[in-house]
Amino acid sequence: MATSSSGTIVQTPIPSDADHHEDIPAHSLRSKDFGFIIIPKRLRHDPEKPFHFGMLLNVSFGIGSTLVVANLYYCQPLLIQLSHSFGVTYDEVSRIPTLVQAGYGIGLLLISPLGDILRRRQLIMLLVLLSTTLTVPLAITNSLEVFEVISFFVGMTSVAPQLLMPLAADLAPPERRASAISVVLSGFLLGILIARVLAGVVANFTSWRIVYFMSIGVQGLVLIGAYLILPDYPSRNGQLSYFSLFRSMFKFIVTEPLVVQIILINIAASACYTNFWVTLTFLLGGAPYYYSTVIIGLMGLVGMMGVLVVPFMGRLIDSLVPWYATLITTILLLVFQAVQTIGGGVNIAAVVIACFGLDVFRQTQQISLSTRMFSISETARSRLNALLVMSVFLGQVTGTSVGTKVFVEHGWRADSILAMAWYVWQLAILLLRGPHCPRDRWFGYEGGLRFRKKATIKSAEDSGADSELEKGTETTTSAKTSGPLLDEGKKREPTIDRETEKL
């Protein structure tokens with residue numbers, strides 16, 4: 001940081017990109033993808049001219065996430081047609097969605113952390129090319145076994161959105177990081193909703209094969225768009241080995257209090273959200289509503305409205321210390337779950353209100369948790385994102401199994417009370433560590449209770465607290481790259497986060 005005599009903060013170049021050239025070796029300044037495809041000049045990395053991350057590029061990331069994640073959900077409304085086409089039972093085709101999701105989970109664990117050691121432009125393009133190529137046999141095969149195997153690998157290669165999320169966090173300025181993440185996350189969620197509706201409509205008027213031919217064309221457009229739009233952002237961990245990635249992920253879980261806190265909250269939050277939407281079908285299909293599947297499906301439109309609100313919530317989070325955003329959204333989730341507990345089985349208005357509120361604030365909570373997770377290390381964001389998404393998976397499994405059992409055996413109100421208990425658990429875990437608790441502390445409120453980011457910056461300037469911020473408060477990304485968790489394959493000067501640099 002440099003400060004003029006008048007007290008004005010002077011923005012200096014980002015050390016990790018401009019000053020510390022040892023972080024970006026000469027071979028990283030490439031002009032070709034895969035050694036033979038020319039990278040457009042405007043997309044080549046130049047440490048002297050950092051790439052501008054504007055709204056157009058941010059929205060493009062969101063659209064790309066929408067179109068790629070749809071691969072995971074096209075099959076769900078097509079199961080009846082698939083059973084007739086392959087001449088098998090419903091039980092046999094029901095394995096397809098499970099295999100797709102299993103492949104996606106394996107891809108999250110084994111592929112998405114590669115974003116920390118490989119250039120993400122090339123990795124994303126390669127994954128989209130693979131998923132596009134693998135969709136071709138899905139559209140033409142007459143064998144259920146082939147369809148199932150290929151579905152697994154399509155799921156495995158459809159993890160590009162989980163590489164775009166940390167890339168957006170890297171490219172966005174600190175004051176817009178939550179907004180950038182919210183746009184990509186909204187695109188991801190929109191893809192889930194659109195895929196189910198689009199596949200069902202197309203297959204109803206044509207054939208399920210047309211859905212997959214359409215998917216090939218859509219992914220081809222994504223591949224072209226990735227070539228024309230994605231900036232060539234260099235890897236900062238080129239010397240890390242593949243197995244070192246997993247060692248560092250394990251160390252994060254064991255030694256980083258903030259990582260553990262976020263994972264525990266996210267598992268419970270995902271369980272609540274999944275529990276609500278899974279058991280909602282049972283609630284609306286039985287007494288006193290007895291709604292048809294069509295009307296129950298329209299509740300998804302309420303969720304879609306919630307998705308459209310999320311980017312605006314990201315702007316709000318940008319102005320707050322992320323801890324407070326998590327606190328506020330968790331309290332509001334508890335309030336809307338209370339509405340469901342009181343009136344969910346009595347009045348449809350309570351269900352609609354709960355649908356909207358739980359959807360909006362769960363996604364907002366996810367943005368705040370992602371923002372806090374990405375603040376831990378700017379050089380390990382792909383690994384941190386993998387841990388975050390895996391915690392969502394664990395929560396989904398818990399919410400589906402436990403929630404369904406409680407609903408069937410004890411009714412809708414007991415199930416809703418269970419969700420409220422899970423929200424109280426989230427608050428308890430969150431309140432163990434204050435908004436500015438140092439990274440290496442498991443409990444406490446050291447650092448104060450400052451609410452807004454601007455207030456945090458002002459206080460740091462007045463008290464000369466730059467050194468404390470570099471020790472790992474949650475308003476600062478980790479500068480501890482000399483520790484065993486980060487950049488294990490190389491020793492270099494500590495990388496100061498962009499937020500700290502602004503100070």
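User: Taking buried to mean under 20% relative accessible area, what percentage of the 503 residues in the protein is buried?

Analyst: The structure is a predicted model, and the cut-off for a buried residue is a relative accessible area under 20%. Applied to the 503 residues of the protein, that criterion gives a buried share of 55%.

User: How many helices and how many strands are there in the protein?

Analyst: The secondary structure includes α17, which covers 412–430, and α18, which covers 453–463. Counted over the protein, the elements come to 20 helices and four strands.

User: Is F451 buried, partly exposed or exposed?

Analyst: F451 lies in the loop that runs between α17 and α18. Its relative accessibility is 36%, and the intermediate class extends between the limits of 20% and 50%. F451 therefore counts as partly exposed.

User: Which residues does F451 touch, leaving aside those up to four places away in sequence?

Analyst: Although F451 and A325 are 126 residues apart along the chain, their C-alpha atoms are separated by 9.5 Å. With residues up to four places away in sequence set aside, the contacts of F451 are L320, V321, Y324 and I328.

User: Is C75 buried or exposed, and how many disulfides does a search of the whole structure find?

Analyst: C75 has a relative accessibility of 2%, so it counts as buried, and C437, with a relative accessible area of 1%, is buried as well. A disulfide is a covalent bond between the sulfur atoms of two cysteines. The number of disulfides found in a search of the whole structure is zero.

Methods. Residues numbered from 1 in each chain as written. Predicted model: local features only at pLDDT ≥ 70, side-chain atom pairs only at ≥ 80, totals over all residues. Heavy atoms only, no water. Helix = DSSP H or I, 4+ residues; strand = E, 2+ residues; numbered from the N terminus. Buried < 20%, exposed > 50% of the residue type's maximum accessible area, 1.4 Å probe, protein only. Contact = heavy atoms within 4.5 Å. Disulfide = S-S within 2.5 Å.
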